[in-house]
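Welcome! Let us take a friendly walk through this structure, one stop after another.

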Amino acid sequence: MELLKGKPVADRLCDHIRSCVEQLIDQNVAPTLAILRVGENSSDIAYENSAVKKAESLGIHVEKFIMAADSSEEDVIDILKHINENQAIHGVLMFRPLPKHMDEDRVRNHLRADKDVDGITDSSMAGIFTGNGIGYPPCTAEAAMAILKYYGVTLAGKKAVVIGRSLVIGKPVAMMLMEQNATVTICHSRTPAEELKAYCREADVIVCAAGRINMLTGDCLTGKQVVIDVGINFDEEGKMCGDADFAGIVEASAAAGITPVPGGVGGVTTVLLLHHVVAAAMAKGGVSC
């Protein structure tokens with residue numbers, strides 16, 4: 001059984017990003033990511049610090065817009081309008097969820113699709129479902145696909161099961177799998193356990209994105225499946241884990257390959273966000289990254 005680690009995938013992407021950044025610098029363009037955070041959520045701050053560190057290591061400039069948790073909805077929209085109009089900013093990472101007093105759907109859709117490097121707007125999502133090339137896909141969904149590609153997993157003509165139906169991962173990754181000519185079945189928390197098991201045992205590729213510990217166990221597998229675990233959960237001991245019973249699956253060699261959590265999809269997700277920033281900067285200059 002192969003352990004599908006995210007680090008080599010991220011490392012290859014970073015090499016490509018550095019090459020693109022060099023081209024941009026030669027054109028006197030500084031690729032720039034705007035980070036918009038409302039409030040002081042500790043997990044948001046931790047991810048922000050990690051993203052800033054990675055961006056700076058790749059030569060990408062970061063501009064922060066930090067707002068108080070009691071800011072008004074209109075104040076946040078005004079910041080987004082400023083970012084939209086600022087030609088020096090190429091992409092935006094806006095932390096969600098926003099405070100409860102805000103209409104998040106209204107706020108996020110004020111962001112221009114060409115600066116929506118995290119795939120959060122309706123326009124970007126429409127681009128995924130129609131294939132019209134508008135915007136960028138959600139980074140976590142794309143990370144799952146990047147790992148499959150890196151490890152040479154064939155998708156054309158294969159059966160794929162996506163466990164989860166969110167607009168962040170489940171639905172977009174299903175569309176992306178179909179774009180690669182896989183036959184896709186979407187399961188979710190309301191799929192009866194025996195049916196979920198039957199679908200998974202017939203699958204060649206499984207993407208777990210339900211946000212539930214042990215949603216996928218070894219008895220759902222036959223040894224032929226490649227499992228991409230996108231889940232982020234914490235067990236009773238506070239240890240991060242995915243949706244799949246990683247230890248049980250590995251011990252029984254129940255899959256052909258599986259991503260660890262942590263160490264799998266997460267690191268690739270951050271790098272893809274930065275790749276989108278650089279791609280947006282190059283697209284503005286009419287250059288392909």
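Keep in mind as you look around that this is a predicted model. Our walk begins on the surface, where Met1, Leu3, Phe246 and Val250 come together as a nonpolar patch. Taken together, these four residues offer about 300 Å² of accessible area. Pick out Val250 and you will find yourself in helix H9, which covers residues 246-251. Is Val250 buried or exposed? The answer is that Val250 is partly exposed, because its relative accessible area is 33%, and partly exposed residues lie between the cut-offs of 20% and 50%.

Next, let us turn to a pair of helices. Two packed helices are described by the angle between their axes and the distance between the axes. Look for helix H6, made of residues 139-150, and helix H10, made of residues 265-284. Their axes come within 8 Å and cross at roughly 110°. That angle falls in the range from 65 to 115 degrees, so H6 and H10 count as roughly perpendicular to each other. As for its hand, the crossing of H6 and H10 is right-handed.

Now for the charged side chains. How many salt bridges does a search of the whole structure find? It finds 15 salt bridges, and we can visit a few of them.

Start with Arg112 and Asp114, whose side chains meet in a salt bridge at 2.8 Å, N to O. Arg112 is partly exposed, with a relative accessible area of 34%, and Asp114 is partly exposed too, with 39%.

Another salt bridge brings together the side chains of Lys197 and Asp219, at 3.2 Å from N to O. This pair links distant parts of the chain, since its two residues are 22 residues apart. Lys197 sits in helix H8 (residues 193-202), while Asp219 belongs to the loop between strand S7 (205-208) and strand S8 (226-229). With a relative accessible area of 40%, Asp219 is partly exposed. Elsewhere, Arg37, Glu40, Glu48 and Lys64 are joined into one network by salt bridges that share partners.

Let us look more closely at one link of that network. The side chains of Glu40 and Arg37 meet in a salt bridge of 3.4 Å, N to O. Which of these two partners is buried, and which is exposed? Glu40 is exposed, because its relative accessible area of 56% is over the 50% cut-off. Arg37 counts as buried, because its relative accessibility of 6% is under the 20% cut-off.

Methods: Residues numbered from 1 in each chain as written. Predicted model: local features only at pLDDT ≥ 70, side-chain atom pairs only at ≥ 80, totals over all residues. Heavy atoms only, no water. Patch = residues over 30% accessible without salt bridge, like charges linked within 9 Å, V, L, I, M, F, W, Y side chains within 5 Å. Areas by Shrake-Rupley, 256 points an atom, 1.4 Å probe, with all protein chains shown as cover. Helix = DSSP H or I, 4+ residues; strand = E, 2+ residues; numbered from the N terminus. Buried < 20%, exposed > 50% of the residue type's maximum accessible area, 1.4 Å probe, protein only. Axes fitted to C-alpha atoms, helices over the stretch in contact; angles between N-to-C directions. Parallel < 35°, antiparallel > 145°, perpendicular 65-115°, else oblique. Left-handed = near helix turned anticlockwise from the far one by under 90°.
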